[in-house]
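Trainee: Please take a close look at the part that the UniProt record annotates as "DNA-binding region", and then place it in the rest of the chain. Which residues does that annotation cover?

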Amino acid sequence: MKEPISDQILTAASALFYSEGIRAVGIDRIIEEANVAKATLYRHFPSKDHLVAAYLQDRHDRVIRSLQEVLDAASAPRDQIKLIFERLYEKADSPEFRGCAFALAVAEHGDSERVLTVARTHKKVVRDIFRTILSKADVRPDQAAAHLSLLYEGALATVAVGRDPQAVLVARDCALSVFDAAIYSTTSPKKN
């Protein structure tokens with residue numbers, strides 16, 4: 001079965017945007033890589049801005065699906081947090097890894113409300129996943145979820161700049177310390 005034309009365009013654009021950057025990749029290059037006519041591309045994506053937003057939405061869907069697989073693979077909240085960072089390490093330990101696609105897109109294309117909306121939604125959903133994990137552990141999730149989310153984001157940024165995937169494992173260890181401290185603060189007796 002042949003891939004739908006819109007998926008063919010999106011696949012080509014996604015690979016180019018992530019590896020080379022949004023501004024560096026023109027429509028003509030995408031048309032060439034996707035092997036479609038210009039009119040076909042514009043019939044499916046009325047502008048480059050629409051195509052960038054579709055790329056980010058597709059990336060969002062894949063990342064959230066991957067995080068959901070982690071939640072399904074481990075039942076204990078601490079193990080889920082550990083596995084999230086270990087899976088990120090596996091991805092970061094690749095020469096093609098450039099960091100967070102959403103941060104890269106905002107840095108390059110942050111004047112687009114479409115791009116900002118998808119990126120902000122993605123960051124909120126990731127934070128909500130950490131919040132859900134923490135609430136299953138009977139921990140007040142807001143502050144700890146913010147800490148875990150920041151560690152996750154920081155790991156992505158650090159690997160992108162420093163090209164050392166070990167930063168993700170450091171972030172994992174910090175995340176587990178945040179989790180342990182949150183558990184301890186809810187189970188330790190309060191002093192009057």
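Mentor: In the UniProt record, an unreviewed entry, the "DNA-binding region" covers residues 26-45. The model is a predicted one. Over residues 26-45 the chain is 75% helix and 0% strand, and the C-alpha atoms at the two ends of that stretch are 14 Å apart.

The record also lists a wider feature, "domain: HTH tetR-type", at residues 3-63, again from an unreviewed entry. Over residues 3-63 the chain is 77% helix and 0% strand, with 21 Å between the end C-alpha atoms.

Two helices can be described in more detail here. Helix H1 spans residues 5-20 and helix H2 spans residues 27-34. Two packed helices are described by the angle between their axes and the distance between those axes. For H1 and H2 the angle is about 125 degrees and the axes are 9 Å apart. Angles from 65 to 115 degrees count as roughly perpendicular and those over 145 as roughly antiparallel, so H1 and H2 are oblique to each other. The crossing of H1 and H2 is right-handed.

Next come the pockets. The largest pocket holds about 390 Å³ of space. Its lining has 21 residues, and the closest to the pocket centre are Arg59, Val63, Leu88, Lys91 and Phe97. Helices H4 (48-73), H5 (77-92), H6 (101-109), H7 (113-136) and H8 (141-162) are the elements that give two or more residues to this lining. H4 gives the most, with 6 residues. By class, the lining of the largest pocket divides into 12 nonpolar, 3 polar and 6 charged residues.

The second largest pocket has about 200 Å³ of space. Helix H8 and helix H9 (166-187) each supply at least two residues of its lining, and H9 gives the most, with 5 residues. Among the residues that line the second largest pocket are Val139, Arg140, Asp142, His147, Val178 and Thr186. By class, that lining has 5 nonpolar, 4 polar and 2 charged residues.

To return to the request, the annotated "DNA-binding region" is residues 26-45, a stretch that is 75% helix with no strand.

Definitions and conventions. Residues numbered from 1 in each chain as written. Predicted model: local features only at pLDDT ≥ 70, side-chain atom pairs only at ≥ 80, totals over all residues. Heavy atoms only, no water. UniProt positions renumbered as here; feature names shortened; annotations may be inferred. Helix = DSSP H or I, 4+ residues; strand = E, 2+ residues; numbered from the N terminus. 1 Å grid on protein atoms, 1.4 Å probe; cavity = no way out; pocket = protein on both sides within 12 Å on 5 of 7 lines; lining within 4 Å. Points joined across faces, edges and corners; volume = space filled by probe spheres on them. Nonpolar A, V, L, I, M, F, W, Y, C, P; charged D, E, K, R; others polar. Axes fitted to C-alpha atoms, helices over the stretch in contact; angles between N-to-C directions. Parallel < 35°, antiparallel > 145°, perpendicular 65-115°, else oblique. Left-handed = near helix turned anticlockwise from the far one by under 90°.
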